[in-house]
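Reader: Hello! I am new to reading protein models, and I would like a close look at a single strand, followed by how its surroundings fit together. Could you walk me through that slowly?

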Amino acid sequence: MPPDGPSIASQPPEAALAALRSQATGLAPDEVLHRLQAFGPNRVETLPGEPVWLTLLREFSHFFALVLWLAAGLAFAAEHFEPGQGMAELGIAIIGVIVVNGLFSFWQAYRAEKALEALRRLLPQRVKVRRSGQIDEIDAAGLVPGDIVSLAEGDKVPADCRALESWGVRINLAALTGESLPKARVADADPAAAGDPLTARNLLLAGALVVAGECSAVVYATGMHTELGRIAHLTQTAGDTESPLQAEIRRVSRLVALLALGMGLVFFAIGQAIGLPFWANFMFAIGIIVANVPEGLLPTVTLALVRHLPAVEALGSATTILTDKTGTLTRNRMSVREILAGGRHRLAAERWPAGGDFHLRAVARFCHSLRFPAGQPAGDPMEIALWQFAGPIPEPGERRGEIAFDAERRRMSVITRHADGSGQLWCKGAPEAVLPLCTQWMDGDTARPLGDDTQAAFRRAHADMADRGLRVLALAWRPLAAGDTPDESELALAGLIGLEDPPRPDVHAAVERCHEAGLRVIMVTGDHPRTAVAVAREVSIVRGPTPQVITGDALRGMPPAALQLALDAPEIVFARVTAEQKMLIVQALQQKGEIVAVTGDGVNDAPALKTADIGIAMGLSGTDVAREAADIVLLDDHFATIVNAIEEGRAVFGNIRKFLTYILTSNIPELVPYLAFVLCRIPLPLTVIQILAVDLGTDMLPALALGAEPPHPDAMRSPPRPRGERLLSWPVIARAYLFLGPLEALGALAAFWFVMQAGGWVHGQMPAADDPLYRQATTACLAAIVLAQMVNLFVCRHPRTAAWRLPLRGNPLLLAGLAAEAGLLLAIVYSEPGNRLFGTAPLPADAWLFALPFALLLGVAEEARKGVLRWAGRRSAGN
């Protein structure tokens, strides 16, 4: 194995080459071939994943699907032994439910697994490499440890490299570390780099972007051995996290299926005990199972989640948001915030007397290493911000030279000359590197001596800006006479400039809404602690005087228990953290019972995005890796959109509970006719195929309409629901099975009895399945259930609020669903295909008029129940 990054970084260039058994002329072809076989190609490899066919098979073999397969098999068996009872149609319909739901679920799972393809796209396709003294351009996949590569501004680093020669190189590591400011890279040894390749001043990591300068570097790690590869491995092995809603739906499905099977077996035993013929009893048991299994539950939930996504609901249940800083809370675009010039400290946006800061702007305009393709600046974002801040300034002559920036000097200078040989030296850099070189300071156009008191004032201003998270630069200049040596001495200080990556304008209000909704917001960034705290305070993530700040170095030595205790702090900020540490923070919060949402846009965010209960990536500024690892992608990159999604997500759980109540209510009027058939010795009031007409026909679109209800105004004024709160709670079961369901069953049996009695039926008679009176009576039972469900649609919109207080314009799908339900019912009752398929017959007007009051009774009774609950709530609040 080649030496690791920190050990390579601590050695001088010659020793680094020797450690990698390479030389200045590069590797020989046979050695390249040998190393390619030993270390493999330079690409991100995928772990062996589950075959697509097995993923597809799982969608048709989970517990609820197996119950439906069993029901379909029993239906086909019954059709074989007792043909003509509609069992074949039942079996086909159930298989259709399994297939549709399985394909939808498979599509959702399949489209989520693309993160590794995105990681591969981060590596460049071609790279310049020196081998046997010749410069060649090869595929990046062909690089091996010991290769010497040439990199220039605009290149992506193809592998983890150690700089051998460097001319003003700066790289952007934002995608790997989350830090927005470019970092200088030098060729000198860095003894302080031990342990962390991200901070080594002479290492260039795969996936980073060269924003300025050029260099030659030796490759020391390729493929999965790079830092990028390590992040890829973390992303691969993080696994998918089941959302709370998905877990609840799985629980509800199993509970309802077990209840249906249990009741089928119990009533089969009862039928045997009272002497029913075997096949009649078998059909009866199948009817009980079909009546109790809400076949429309999985398709309805699946269709609703195709619209909302499980991730949106999980976001609604989130208790903690871990947010990145760069690109999420901020714009990932440097700008000048404050300046100190002419003895005045002011915001950059303020107007300034003409000439008052000319020299400051001149240094900002001319001291850079930018390129101008198509007339627009390209290069270091900080230099672009300075150039744009300065605005148009008359050219000071021809650019004649540059003293490049490096990490030791921490400054750069540009020399310009006029035709007569005179000119200027423009210098910018860290204040502690530039101030000692200054003997004067500019007060407007007047150069004044830089005494100790004035220098101390500049240092205080520097500290003040830095404490508020600004990147501070000192700008200075000196005139050059013809023949003067352009050295960086006896400079005149033009002033200080404070730059920032400004917060997005709507972030502050969005964070305040999170606080109001009981959500905890924690910043986790790779940036400097001081910058992180300043931004956190500016956007109200931090509001107290002394937040707890934990750096990556402190986190590295912190045991898991200590991290969990640290997370109890009311306000906490994590800074200088790595991708793995970010993932550990997510896991620590999950172990504390929190539902964690993570936002991010960089490669370093991908493992945490995938580990979190809900990962949110930036769509515009985010890397492909982050977008593919996340559950939700924000198309507009606005943090405020997350808060709106939380509100929508909170509505999703309530809406699924609404249509669950709606769907389960009709189970009781589907079950009671079978009990009456066995216990009261009457004809079966509702056939199995008619049950499916309700479950997979008339109920589907109204249930989807309930799933599209807009959020209630109070959704963001209450804390997140408890993690253990059940979707199918006892109040929901009692409301559906013990209150609304029995009311529907009463109307359904009454309608059946009314038609049979009107036709002259006498108790004890068992008409044939194709008897016109019997078909009309079962149609009346079906129609009564659907009429009651049409009223139930409105009362299910909220468990407490009166139906008439919820405007219809907020959910236009309600009326569309109602119209579809009515149209389908009329087609079943009055069309010849509907009569033939569902065993129905046209109903006279008096049957409709008889069933209608029972549907209205359900609405009145439910609104009365809500009124009692509201009265009890007001009384309890008053006490």
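Author: Happy to. We begin with a term: a residue is buried when its relative accessible area is under 20%, exposed when that area is over 50%, and partly exposed in between, using a 1.4 Å probe and protein chains only. A second term concerns names: helices (H or I, at least four residues) and strands (E, at least two) are DSSP runs, numbered from the N terminus. With those in hand, look at strand E4, residues 160-172. In E4, 10 of the 13 residues are buried, so the strand is largely enclosed by the rest of the structure.

Before going further, a word on what you are seeing. This is a predicted model, in which local features need a pLDDT of at least 70 and side-chain atom pairs count only at pLDDT 80 or more, while totals for chains, interfaces and linings use all residues. Residues are numbered from 1 along each chain as its sequence is written, and side-chain values use heavy atoms, with hydrogens and water left out.

Now to the partners of E4. Two strands pair if DSSP finds at least two bridges between them. E4 pairs with strand E7 (residues 209-221) in the antiparallel sense, over 10 bridges. To find one of these bridges, start at Glu-165, whose partner in E7 is Ser-216. E4 is also joined to strand E5 (residues 183-185) by 3 bridges, again antiparallel; here Val-169 stands opposite Arg-185. Strand E6 (residues 203-204) is antiparallel to E4 too, with 2 bridges, and Leu-203 of E6 stands opposite Arg-162. As you trace these strands, keep one general idea in mind: in a regular strand the side chains alternate between the two faces of the sheet.

Next, the cores. A nonpolar core is a set of buried Ala, Val, Leu, Ile, Met, Phe, Trp, Tyr and Cys residues joined through side-chain atoms within 4.5 Å. The largest one has 127 residues, and Leu-315 and Phe-639 are those with the most contacts inside it. A second, separate core has 40 residues, including Ala-9, Leu-17, Leu-205 and Cys-215.

What does Leu-315 touch, leaving aside its neighbours within four places in sequence? Contact means heavy atoms within 4.5 Å, and by that rule Leu-315 meets Ala-597, Ile-614, Ile-616, Ile-632, Ile-642, Ala-645 and Ile-646. Three of the names to look for next belong to helix H25, which covers residues 639-665. H25 has 27 residues and reaches 40 Å from its first C-alpha to its last, close to the 39 Å expected at 1.5 Å a residue; the expected span is 1.5 Å times one less than the number of residues. Of its 27 residues 23 are buried, so H25 is largely enclosed by the rest of the structure.

Helix H19 (residues 529-538) has 7 of its 10 residues buried, so it is largely enclosed as well. The buried ones are Pro-529, Thr-531, Ala-532, Val-533, Ala-534, Val-535 and Ala-536. Their cover includes helix H17 (452-467) and the strands E18 (520-524), E19 (548-551) and E20 (572-575). Just after H19, Ser-540 takes a positive phi of about 75 degrees.

Some loop residues make a good contrast. Glu-490 lies in the loop between strand E16 (471-480) and strand E17 (491-500). Glu-490 is exposed, with a relative accessible area of 57%, and has a positive phi of about 50 degrees although it is not a glycine. Arg-576 sits in the loop between E20 and helix H22 (579-591); it counts as partly exposed at 33% relative accessibility.

Finally, the whole chain. It has 33 helices and 23 strands, and buried residues make up 56% of its 879 residues. Confidence is given as pLDDT, the predictor's confidence in each residue, from 0 to 100. The mean pLDDT is 84, and 89% of the residues reach 70 or more. Helix H7 (residues 115-122) has the lowest confidence, at a mean of 47, while helix H30 (residues 772-795) has the highest, at 95. Where pLDDT is low, the predicted coordinates should not be read in detail.
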